[in-house]
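Student: I've got the model open, and I'd like to go through it with you. Could we do it as questions and answers?

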Amino acid sequence: MRKIILLPLILFVLLLGFLAIGLRRDPHEIPSPLVNRVAPPFSLSTLQPEQALFSPEAMRGKVWMLNVWATWCAACQEEHPVLVSFAQEGLVPLVGLSYKEVQAADAPEGKPFTPEAKLALARQRSLAWLRAKGDPYSLVAMDLDGRVGIDYGVYGVPETYVIDKQGVIRYKQIGAVTPAVLAEKIRPLIQELNRS
Amino acid sequence: MIVELGHYALILALLVALLQGVLPLVGAHRHNWHWQSLARPAAVLQFLLITLSFAALAYAFQANDFSVLYVAEHSNTRLPAMYRFAAVWGGHEGSLLLWLELLAVWTVSVALFSRQMPLAMVARVISVLGLISTGFLLFVLTTSNPFERLFPIPLEGKDLNPLLQDPGLVIHPPMLYMGYVGFSVAFAFAIAALLAGRLDVTWARWSRPWTLVAWVFLSFGIGLGSWWAYTELGWGGWWFWDPVENASLMPWLCGTALIHSLMVTEKRGSFKAWTVLLAISAFSLSLLGTFLVRSGVLNSVHAFASDPTRGVFILIFLAVVVGSSLSLFAWRAGAVSLGGEMAWVSRESVLLANSVLLVVATAAVLLGTLYPMVIDALNLGKLSVGPPYFDTVFVPLMVPVFFLMVLGVRARWRASTLQEWLHPLRRVGVLSLLTGALVAAYLGWSWGVALGMALGAWVVFGTLEPAIERLRKPGRIPLSFYAMHCAHLGMAMVLIGVTLVKGYELEKDVRIAAGDTITLGGYTFALQKVTEVPGPNYVAKRAEVLVTRDGQTVTTLFPEKRRYPSSAMPMTEAAIDTNLWRDLYVSLGEPLNNPAQEWSMRFYIKPFLSWIWLGVLMMVLGGLLGVSDRRYRRAAAVPLPAGATAA
């Protein structure tokens, strides 16, 4: 008996095992290298013109969440009601990061924006949006040119970060936060972080 | 009503498939003539039922019946009629129905064109195909029913994915599936032969034409897909080593090895076990491809909406089909004689070497495709495998394949002497080295180009020289002779095209306004204007680009950026001017300000790109010539006169 003819079968069984495990994984889930690192510092204007600049330093000692959003983002529309009802529980403060709200193409004919005009338009749009749909944010930092987004490795809006009392990112959600994500990942994590 | 009829027909088809899968097989085992003779009528009946079901779904699309969930998800009243038909296979459920329909077409063809085969063999083959059909019918009916109703009924459908609204995509899936599914026939023949314990020369002869037809469809399907990606995606690329592309390439590589190995088995009675293994592998890889696309285990541009239950179902199906056939192989193939002796210098030894190389290449592609999943499964992290891996691994494996191609054609069956084998090739060898060196030196030196061109020339000269020699001699030349040379020349054309495109393509990414010109590779491109053009179900921005060379007008190109309101998805429609020596390729990007005055635009010059498509067409033509060879239409009982064929 030539044993070698069993080889294809053995290889196939091995392959099958991997396929079975692979089936339970999500290839779209990409771990962020920022998880378990200190949240990159920044200092940005907020939605309210009279408010001081916001910096993550201000949240030291609290567990909080940072949600990257924009009014032009379709998935944010779906996510928004979830965030609003989550914020009503008052579990942790939710800080918004308004990401590239105003695009170059939005400029009036032929004239590029001044930074002030850009900020004003972004505030106006975001406020109108939040007034219409409800405001889950304790405050919203305005990342007009997306620099902070680069530091945080944002590659699609929306994204959400859970940050612990020491200012370390503990979880990153790419794409919309859903009730399932809240129940399975975010809530248990927040409880654990709040205890420590 | 008609939709329900389609659903019922599918359920009936499942029952017929079960009968077809079990009774003739048992009949063949017990030598029960009545049960065996059920095979053909069952195949015909199943074909009619599945066709009815397919027609019902097509009707629902034509009638814009949005009460059918699948239609509502993949069509729209403003979708042109042609795409409303193609939308039948534009999503997961319908494309499985297409799979079934094509399997039924293959099965009924086997039933009709197998008069010269013994009934027991026909019964076994049709039974195996019936069992495969049973599996897929169960899959469709339990997890992916295309006839599911929707309530409340929407007024408008969601529309077909704009990416799929292209003539190339209308025929690409059916062609590709014809190839995938076609390997099920070769598989069924192999299993039937294993079951009967008759792995002999006749088995190889019967399965050869079927395998070749499947290979032709698969080649054409892959070529179409690549051509579509080139014209439609606007990146100027034509092969991305995407997991789903790989899923089609693997059965092709394996199938190419199979058609050559079958030849050796038929002519010389050797490699029987190897050939059977290839037949099983080719179809298994087709199934694996289906699994990869449908289960969402890998990231791909082709990803259909993935659903874990579907993945589990296909995985179980894969386990049953491949597991049982490999077990059968392990059980039966051990007893198979090795067949005729093989000399080191002979056509069969070269064919075996190439066959092994192709299988290694298949394994390399498989490894690269599944590696991210394996690493993730072992908790070693997340990664992706891209073109650098595939280029590094694939190219060194293909170099000897091309080299051996010529040696195989030159060598005789049984045994050649080194002298008569290699002597005539000296001239070809010198000439091709010279060609490679000259072309690379003339166009700008690169070792890769020199090697690629030398190999291309090696295959071209090495194929043409013996062909001309043979044509000069008297005597009827069988079609299979032309078939082989045509296909091999096609392969060489693909190689030359790929080499020159990779070596000398030019690319320019610019910010451009109407009235601006850019120059690239001696051509001047002038953007005249960008206008808005309405389409049937989209609005396009169309740029007009005047191309000149040395003051002479070459052509005017009209690249478009289309916006489909139904899905808010922008689509790039590249404009390409093709001739034998180069493609001028322009794609329109995004407007850079508002109102748009400047645009991002990409310009490419791709030398010899059309050779890739022409090469694929030559291979397809070669395959068709091979199938048309009249020996396949002769009764199998008539033995082939020795030396009647060259290939």
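**Chain by chain, core by core**

Tutor: Let's begin with chain B, which has 19 helices and ten strands (DSSP runs, H or I of at least four residues for helices and E of at least two for strands, numbered from the N terminus). This is a predicted model, where local features need pLDDT of at least 70, side-chain atom pairs count only at pLDDT 80 or more, and totals for chains, interfaces and linings use all residues. Residues are numbered from 1 along each chain as its sequence is written, while chains are lettered from A and ligands numbered from 1 in the order in which they are written.

Student: What is the radius of gyration of chain B?

Tutor: The radius is taken over C-alpha atoms, and the globule rule is 2.2 Å times the number of residues to the power 0.38. For 647 residues that rule gives 26 Å, and chain B comes close to it, so the chain is as compact as a globular protein of that length. Its radius of gyration is 26 Å.

Student: What percentage of the residues in chain B is buried?

Tutor: A residue is buried if 20 or more other C-beta atoms, placed from the backbone, lie within 10 Å of its own; it is exposed if 12 or fewer do, and partly exposed in between. Among the 647 residues of chain B, the buried share is 52%.

Student: How many residues of helix 7 of chain B are buried?

Tutor: Helix 7 covers residues 119–143 and reaches 36 Å from its first C-alpha to its last, close to the expected 36 Å (1.5 Å times one less than its number of residues). The helix is largely enclosed by the rest of the structure, because its buried residues number 20 of the 25.

Student: Which residues touch the most other members of the largest nonpolar core?

Tutor: A nonpolar core is a set of buried Ala, Val, Leu, Ile, Met, Phe, Trp, Tyr and Cys residues joined through C-beta atoms within 7 Å. The largest one has 189 residues, and its largest share, 18 residues, comes from helix 8 (residues 167–196) of chain B. The two that touch the most other members are B:Ala186 and B:Phe189.

Student: Is A:Phe54 buried or exposed?

Tutor: A:Phe54 sits in the loop between helix 1 (7–23) and strand 1 (64–69) of chain A. Leaving out residues up to four places away in sequence, A:Phe54 touches A:Leu44, A:Thr46, A:Leu139 and A:Ala141 (C-beta atoms, placed from the backbone, within 7 Å). Inside 10 Å it has 20 C-beta neighbours, so A:Phe54 counts as buried.

Notes:
Contact = placed C-beta atoms within 7 Å.
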